[in-house]
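Let's take a relaxed walk through this protein, one piece at a time. Keep the picture open while you read.

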Amino acid sequence: MNLDAWNDVASQVEAMKKTNLRTLFKEDPARAGRFTVEAAGWMLDFSKNLITPKLMRKLIALAEASDVKGWIDKMFSGSKINETENRAVLHTALRCRPDRPVYVDGKNVMPGVRATLERMGAFADKVRRGHWLGFTGKRIKYIINIGIGGSDLGPCMATMALQAFSKRNIKVFFVSNVDPTHLAETLRCVKAEQTLFIVASKTFTTQETMTNAKSARDWLVSELGDEKAVARHFVAVSTNEEKVKAFGIDPENMFGFWDWVGGRYSLPSAVGLSLMISIGQKNFQKMLKGYNKMDRHFQTAQLNRNIPVILALLGILYNNGFGAQTYAVLPYSQYLSRLPAYLQQLDMESNGKSVDRSGRRVNCQTGPIVWGEPGTNGQHAFYQLLHQGTKLVPADFIGFCKTHNALGDQHDKLMANFFAQTEALAFGKTADEVRKEGVPEKLVPHKTFEGNRPTNTLLAEELTPETFGALIAMYEHKVFVQGIIWNIFSFDQWGVQLGKVLATTVLSELKEPNVPMLHHDSSTNALIRRYRATLGRRQ
């Protein structure tokens, strides 16, 4: 982090700790309008944050000193900003207008992107119209996406988010966990002759994914009695044609993507095939349009009117200025119930880094812990801590003016809670206000709310493929900006590798009866021996 620019911010933070949101709103009647920005179908009201115009100017200066604009240009131009893997970072090309060339190593990638989307669309249409038949001649009724990480969280979250636009006679399931329960319970919900499996693994070697895929393959062959059935019930999202063929999948039914697309950014690629089957290619294209609108806003808007940049700077303010180690994502939409889990990977895998771009230990706290649940469920679970706990937890409230499911006044009640919660968190209730309600003095401290708890309000007219795409792009770019300012690489994830390597060694020790002496620490050795003893395996 640029320490000179940050110190200017920090000097303002100390002043902010001596004031409160009640005072700030009283002193500036135009505050709500001053701190509201709109783009790509979304309105961000960030007025209920611990900021002043002067502090925001200091935060913008921090972004300028970190060359945020320069890094944005590098990403969109195809520069290899993922330096540790020597790769470009061009998930934005997946939703770029096809007539706009995007170059990697001097080659325009857009024809390939367009061709893949067209193949996906043609295949999705076949399945949706009942033209793709299973081995016994029956139409497909069930889709099971087998993947993990970005090959699961993105399409799973999006399929749920856009369920209102789905083809209801096709049921889509997602299997990721290598725990056999996940696959076994899913298979109990489907019929083999009407099930299509999508195996999503770029290398077709991911341990969890391929383990689940092989078990699914065995189940299918057992149910239908013929190895040839695999070709009609499995397709692949991969680039490893040799392994795809060896599995029994026709390479014509293999959908590839590129090394400049990271897993957690891959939803608009072939990884989104299950989503496209669910909502259709027209709605998928609308989603890409929403992504692109936010991309254009991010690329062209001034920093002080740029929604992803503002969100990023506010997150840095609380993480590094106020010591908040977590932040909550609180969608007031049941459709977005998997959004917090998706954002956990996007944010924590991207910015959970402790060395800077030069390989040195960072000089500041980096990525926060991300968590959340949909409202109003969270209100009856953890909001007590948000309102009266000892920890500062900044929160994003996400809501929609219109609902897809009008049932009496239920949406009004949902949104009444949505608006009321940010008001209560910001302004609280003083001890004097509590006393005026006739509350006994001994209960006054318990019913007093300090307020001054910061929130962002993100509001759109309606949850549609377009506003959904813009929302996801908004968070992608927010995370990127924070990585720039913290001077870390946001697009690699070396931290997930060590556990995988060790698990391969441990697996052989769990399964083989004549394993030589264990060479782990005493705790791990004892745990392995206990596991083997429980299963009756030699010690």
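## A buried asparagine

First, a bit of vocabulary: a polar contact is a pair of N or O atoms within 3.5 Å, and within protein one of them must be able to donate a hydrogen and the other to accept it. Also keep in mind that what you're looking at is a predicted model.

Now find Asn145, which sits in strand β5 (residues 142–146). Is Asn145 buried or exposed? Its relative accessible area is 0%, and buried means under 20%, so Asn145 counts as buried. A polar atom of its side chain lies 3.1 Å from the backbone oxygen of Ser151. Leaving aside residues up to four places away in sequence, Asn145 touches Ser151, Phe173, Phe174, Val175, Ile198 and Ser274.

## A six-stranded sheet

Next up is an open sheet of six strands. Walk across it and you meet the strands in the order β1-β2-β13-β12-β10-β11, with mixed pairing. At the edges are β1 (36–39) and β11 (369–371), each of which pairs on one side only. On average, neighbouring strands in this sheet are turned by 15° against each other, ignoring direction.

What holds strands side by side? Strands of a sheet pair through backbone hydrogen bonds, either parallel or antiparallel. Here, β10 (residues 326–331) and β12 (residues 395–400) go for the parallel sense, over four bridges. Leu330 stands opposite Phe397 in β12.

Helix α17 (residues 410–427) lies across β12 and β13 (455–460). The helix runs at about 155° to β12.

## A mostly covered helix

How far apart should the ends of helix α15 (residues 339–351) be? At 1.5 Å a residue, its 13 residues should span 18 Å, and its end C-alpha atoms are indeed 18 Å apart, so the two agree.

This helix is mostly covered, with ten of its 13 residues buried. Among them are Leu339, Tyr342, Leu343, Leu346 and Asn351. What does the covering? The list includes α7 (150–161), α19 (465–486) and the strands β10, β11 and β12.

## Two helices packed together

Finally, look at helix α5 (residues 68–77) and helix α13 (residues 281–300), which pack at an angle of about 140° with their axes 9 Å apart. Angles over 145 degrees would count as roughly antiparallel, so α5 and α13 are oblique to each other.

On the α5 side, the contact is made by Lys69, Ile72, Met75 and Phe76. Their partners on α13 are Asp295, Arg296, Phe298, Gln299 and Thr300.

Terms used: Residues numbered from 1 in each chain as written. Predicted model: local features only at pLDDT ≥ 70, side-chain atom pairs only at ≥ 80, totals over all residues. Heavy atoms only, no water. Pairing = 2+ DSSP bridges. Axes fitted to C-alpha atoms, helices over the stretch in contact; angles between N-to-C directions. Contact = heavy atoms within 4.5 Å. Expected span 1.5 Å × (residues − 1). Buried < 20%, exposed > 50% of the residue type's maximum accessible area, 1.4 Å probe, protein only. Parallel < 35°, antiparallel > 145°, perpendicular 65-115°, else oblique.
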